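Subject: Structure handover

Hi,

Here is the structure I promised to pass on to you. Have a look at it first, and then read on for what turned up in it.

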Amino acid sequence: MSLATEPRLPATGGGAADAPVAGWDHPGPFTLKLVPQAADIDGLNHTNNAVYVQWCERIGWAHSEALGLALADYHRLDRAMAIHRAEYDYLLPTALGDTLVLGTWLVGWDGKLTMQRHFQLIRPADGATVLRGRWHLVCIELGSGRARRMPPKFVSIYGAAVVDAPIER
């Protein structure tokens with residue numbers, strides 16, 4: 001499994017703890033520094049695409065927890081933001097030992113039922129964006145699995161974290 005440092009909330013300029021990273025798609029990313037390890041490398045000698053998906057899940061939860069909504073809150077409120085659709089654009093390969101910084105943002109929502117999360121993975125050594133991802137999320141009731149309106153706690157916490165970006169359909 002890849003090495004990771006503690007996730008970071010955005011600083012004034014955003015970016016990872018060690019050094020600022022330029023080229024973010026949106027301001028103030030929540031970031032996680034990652035380094036692919038041998039187990040992350042596939043038969044083509046680059047980071048396996050499934051590893052990127054796992055990293056996005058990891059940072060998505062870390063961001064939610066940093067905002068103040070953890071898995072225990074989801075269970076207590078009987079609500080969750082579930083992935084309705086996930087899209088990943090694999091732009092460039094990464095290799096064993098590359099230092100990478102993954103950023104995430106909440107970029108759009110309707111304040112009632114849906115929300116969007118974007119991801120961007122940058123290789124600071126050359127400033128290249130190697131991955132972009134998007135999740136379209138819907139609020140569900142855990143007990144039934146049906147779509148339900150966001151509870152007030154989701155609205156206040158997630159709503160305050162949404163950056164200005166157009167809603168994608």
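Let me start with the strands: S5 and S6 pair in the antiparallel sense over ten bridges. Within that pairing, Thr-114 has Val-138 of S6 as its bridge partner. The two strands make a hairpin with four residues between them, and Gly-127 in the turn has a positive phi of about 75 degrees. Please keep in mind throughout that this is a predicted model.

S5 has a partner in S4 too: these strands pair in the antiparallel sense over eight bridges. Here Gly-103 is matched with Gln-120 in S5. S4 and S5 also form a hairpin with four residues between them, where Gly-111 in the turn shows a positive phi of about 75 degrees.

Is S5 enclosed or open? Nine of its ten residues are buried, so S5 is largely enclosed by the rest of the structure. Arg-123 is worth a look while you are there. This arginine sits in strand S5 and is buried, with a relative accessible area of 13%. Apart from neighbours within four places in sequence, Arg-123 is in contact with Leu-92, Pro-93, Thr-94, Asp-98, Thr-99, Leu-100, Ala-128 and Val-130.

Now for the overall picture. The protein chain has three helices and six strands, and from the N terminus on they run β-β-α-α-β-β-β-β-α. Of its 169 residues, 43% count as buried. Among contacts with a separation of 6 or more, 70% are between residues 24 or more positions apart. The chain exposes about 8400 Å², with carbon and sulfur atoms supplying 55% of that area.

On to the interior. In soluble globular proteins, nonpolar side chains tend to be buried together. The largest nonpolar core in this model has 32 residues, and those with the most contacts inside it are Trp-55, Met-81, Leu-121, Phe-154 and Tyr-158. Two or more residues each come from S2, H1, S3, S4, S5, S6 and H3. Which element gives the largest share of this core? That is S6, with seven residues. There is also a second, separate core of seven residues, including Trp-105, Val-107, Ile-122 and Val-163.

Helix H3 (residues 152–161) is a nice one to rotate on screen. Its buried residues are Phe-154, Ile-157, Tyr-158 and Ala-161. These cover an arc of only 90 degrees around the axis, which puts them on the same side of H3. Pro-152 and Ala-160 are exposed on the other side. The cover over the buried residues of H3 includes H1, H2, strand S3 (79–90), strand S4 (100–109), strand S5 (114–123) and strand S6 (128–141). To pick out one of those buried residues, Phe-154 touches Leu-69, Tyr-74, Leu-77, Arg-79, Ala-80, Met-81, Trp-109, Cys-139 and Gly-159, leaving out residues up to four places away in sequence.

The aromatic rings deserve a paragraph of their own. The count comes to eight aromatic pairs. In one of them, the rings of Trp-61 and Tyr-74 have their centres 5.3 Å apart and their planes at 55 degrees, so the pair is tilted. Trp-61 lies in helix H1 (residues 49–67) and Tyr-74 in helix H2 (residues 71–77), so this pair ties together parts that are 13 residues apart in sequence. How do the two partners compare in exposure, buried or partly exposed? Trp-61 is partly exposed, with a relative accessible area of 30%, while Tyr-74 counts as buried at 5%. Elsewhere, ring pairs link Tyr-52, Trp-55, Tyr-88 and Tyr-90 into a cluster.

One last residue to look at is His-26, in the loop between strand S1 (3–4) and strand S2 (30–35). This histidine is buried, with a relative accessible area of 15%. His-26 and Val-163 are 137 residues apart in sequence, and their C-alpha atoms are 7.6 Å apart in space. Val-163 is one of the residues of the second core mentioned above.

Happy browsing, and best wishes!

Methods:
Residues numbered from 1 in each chain as written. Predicted model: local features only at pLDDT ≥ 70, side-chain atom pairs only at ≥ 80, totals over all residues. Heavy atoms only, no water. Phe/Tyr/Trp six-rings, centres within 6.5 Å; stacked < 30°, edge-to-face > 60°. Buried < 20%, exposed > 50% of the residue type's maximum accessible area, 1.4 Å probe, protein only. Arc of directions from axis to C-beta. Contact = heavy atoms within 4.5 Å. Areas by Shrake-Rupley, 256 points an atom, 1.4 Å probe, with all protein chains shown as cover. Core = buried A, V, L, I, M, F, W, Y, C linked by side-chain atoms within 4.5 Å. Pairing = 2+ DSSP bridges.
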